[in-house]
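Visitor: I've got a structure to look at and some questions about how its pieces fit together. Could you walk me through it?

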Amino acid sequence: MPTYNKPIPVPSPSTEFFWTGVKEHQLLLQQCDKCSAYRFPPSPICPECLSSDYTVKPVSGKGTVFTFGVYHRLYNPAFEEDLPYTVGMIELEEGPRLVSNVVGIAPDDVYCGMPVEVTFDDITDDATLYKFKPAG
């Protein structure tokens, strides 16, 4: 595996389940045991009903581009070869919104409402990132 010189997520105790799921190529989110709302980022309290009871469950990984931006300017030298690249806020079918790269499509072709699905990028032996690509 080539050397990876970009930032790598560092899980906290509250996000460890999420990053472990990503490493296993699945998205895991908290689902409230009281009102069934999914939530992201992980939280000890449901923002919908204030319950502290939840179960970690896999979600579909399917959603739509809620909004996005295309980076043309270099802010971190590690991303120079990626310019321009797209960062989107993806609204999952289950409701929560996640931020990640939109890949597999030219930045000019990304649009709000575009159907996408999760894809996983094993960046090191110990780390995997989730990204979104056009559905289909």
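What follows is a chat about salt bridges, strands and burial in this predicted model.

Visitor: Let's begin with charges: how many salt bridges are found in the whole structure?

Guide: Side chains of opposite charge can pair when their charged atoms come close. The cut-off here is a Lys or Arg side-chain nitrogen within 4 Å of an Asp or Glu carboxyl oxygen. Searching the whole structure that way, the number of salt bridges comes to 4.

Visitor: Which residue does K131 meet in a salt bridge?

Guide: K131 sits in strand 8, residues 128–134. Its side chain makes a polar contact at 2.9 Å with the side chain of D121. That N-to-O distance of 2.9 Å is also a salt bridge, because the limit is 4 Å. So the partner of K131 is D121.

Visitor: How many residues apart in sequence are the parts that K131 and D121 tie together?

Guide: The two side chains meet in a salt bridge. K131 belongs to strand 8 and D121 to strand 7, so the pair links parts of the chain whose separation in sequence is 10 residues.

Visitor: Is K131 buried or exposed?

Guide: The relative accessible area of K131 is 17%. Buried means under 20%, so at 17% K131 falls on that side of the cut-off. Its salt-bridge partner D121, at 28%, is partly exposed. K131 itself counts as buried.

Visitor: What about strand 8 as a whole: how many of its 7 residues are buried?

Guide: Strand 8 is largely enclosed by the rest of the structure. Setting aside neighbours within four places in sequence, K131 in that strand touches residues including S100, N101 and V103. For strand 8, the buried count out of 7 residues is 5.

Visitor: How many bridges join strand 7 to strand 8?

Guide: A hairpin connects strand 7 to strand 8 through 5 residues, and the two strands run antiparallel. One bridge pair puts T119 opposite K131 of strand 8. The number of bridges joining the strands is 7.

Visitor: Which residue forms a salt bridge with K133?

Guide: The closest N and O atoms of this pair are 3.9 Å apart, and the pair counts because the cut-off is 4 Å. K133 lies in strand 8 and its partner in strand 7 (residues 115–122), so the salt bridge ties together parts 16 residues apart in sequence. K133 is partly exposed at 32% relative accessibility. The partner of K133 is E117.

Visitor: And which residue forms a salt bridge with R97?

Guide: The closest N and O atoms are 3.2 Å apart in this pair. R97 is partly exposed at 36% relative accessibility, and its partner counts as partly exposed at 28%. That partner of R97 is E91.

Visitor: Let's move to the open sheet: which strands stand at its edges?

Guide: The sheet has 3 strands in the order 2-1-3, with antiparallel pairing. Each edge strand has a single partner, so one side of each is left without a neighbour in the sheet. The edge strands are strand 2 (38–39) and strand 3 (54–58).

Visitor: At about what angle does helix 1 run to strand 1?

Guide: Strand 1 (residues 28–32) pairs with strand 3 over 5 antiparallel bridges, and the bridge partner of L29 in strand 3 is K57. Helix 1 lies across both of these strands. Its angle to strand 1 is about 135°.

Conventions
Residues are numbered from 1 along each chain as its sequence is written. This is a predicted model: local features need pLDDT of at least 70, side-chain atom pairs count only at pLDDT 80 or more; totals for chains, interfaces and linings use all residues. Side-chain values use heavy atoms; hydrogens and water are left out. Helices (H or I, at least four residues) and strands (E, at least two) are DSSP runs, numbered from the N terminus. Buried means under 20% relative accessible area, exposed over 50%, partly exposed in between (1.4 Å probe, protein chains only). A polar contact is a pair of N or O atoms within 3.5 Å; within protein, one must be able to donate a hydrogen and the other to accept it, and residues adjacent in sequence count only if both atoms are side-chain atoms. Contact means heavy atoms within 4.5 Å. Two strands pair if DSSP finds at least two bridges between them. Axes are lines fitted to C-alpha atoms, for helices over the stretch in contact, and angles run from 0 to 180 degrees between N-to-C directions.
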